[in-house]
Amino acid sequence: MTETRDTLIDAARDAANRAYAPYSGFHVGAALLLKNGDVVTGANVENASYGLTLCAENAAVAKIANEGWIGELAEVAIVGGRPDGDALIGSDPVHPCGRCRQILNEAAERSKTDILVHCASGDGKTVKSYRLSELLPAAFGPKDLGLID
Ligand code: THU
């Protein structure tokens, strides 16, 4: 539903304002819609040891897992761009990196849902939407370890 999509993108853009990204200057926000309608967000957290950076999706999934909600995921929006004052700019949609696709898959499999992933540009004007199975076909996940039917 477009309304849900737009609400999630707004939440992800808001979260991107809280990114800690002094090295790349690239702010990413992720918004996770739970089955009960709640929205949980995350933003990227960089580190002086660059490779230790946490992506926005990673931060958001860690939050729901820590609350016991890893099996409650319904839909996701991701937004990335460069801050310009309070605004986020950039016209190309940002797609989740490979590691984040795998991290999202863990929650999606646990939630028994081939989740919709909305990928938005920093200015929020361009959005491409996918099923996670399109972004990560033939995924390896908890089902392969016998944890899911
Ligand atoms: N980044 C994310 O937060 N999520 C992604 O899926 C791709 C990349 C962040 C990591 C880093 O802080 C910045 O974007 C530039 O790579």
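This is a short dialogue on reading the ligand site and the cysteines in a predicted model.

Reader: Before we start, what should I keep in mind about the numbers?

Author: The model is predicted, with local features needing pLDDT of at least 70 and side-chain atom pairs pLDDT 80 or more, while totals for chains, interfaces and linings use all residues. Residues are numbered from 1 along each chain as its sequence is written, and side-chain values use heavy atoms, with hydrogens and water left out.

Reader: Which residues are around the ligand?

Author: A residue is near a molecule if one of its heavy atoms lies within 4 Å of it. Here the set is Ser24, Phe26, Val28, Asn44, Glu46, Thr53, Cys55, Ala56, Glu57, His95, Pro96 and Cys97.

Reader: And which distances to oxygen atoms of the ligand should I look at?

Author: Think polar contacts: pairs of N or O atoms within 3.5 Å. A polar side-chain atom of Asn44 is 2.9 Å from a ligand oxygen, and for a side-chain N or O atom of Glu46 the distance is 2.5 Å. Ala56 uses a backbone N or O atom, at 2.9 Å from a ligand oxygen. As for cover, the protein buries 78% of the 370 Å² that the ligand exposes when taken alone (Shrake-Rupley method, 1.4 Å probe).

Reader: How many disulfides are there?

Author: A disulfide is a pair of cysteine sulfur atoms within 2.5 Å, and this structure has 0. Cys97 is in none, its nearest cysteine sulfur being that of Cys100, 3.6 Å away.

Reader: Why is there no bond from Cys100 to Cys97?

Author: Because 3.6 Å between the sulfurs is too far.

Reader: Are those two cysteines buried or exposed?

Author: Buried means under 20% relative accessible area, exposed over 50%, partly exposed in between (1.4 Å probe, protein chains only). Cys100, at 1%, is buried, whereas Cys97, at 34%, is partly exposed.

Conventions:
Polar contact = N/O pair within 3.5 Å; in protein donor to acceptor, adjacent residues only side chain to side chain.
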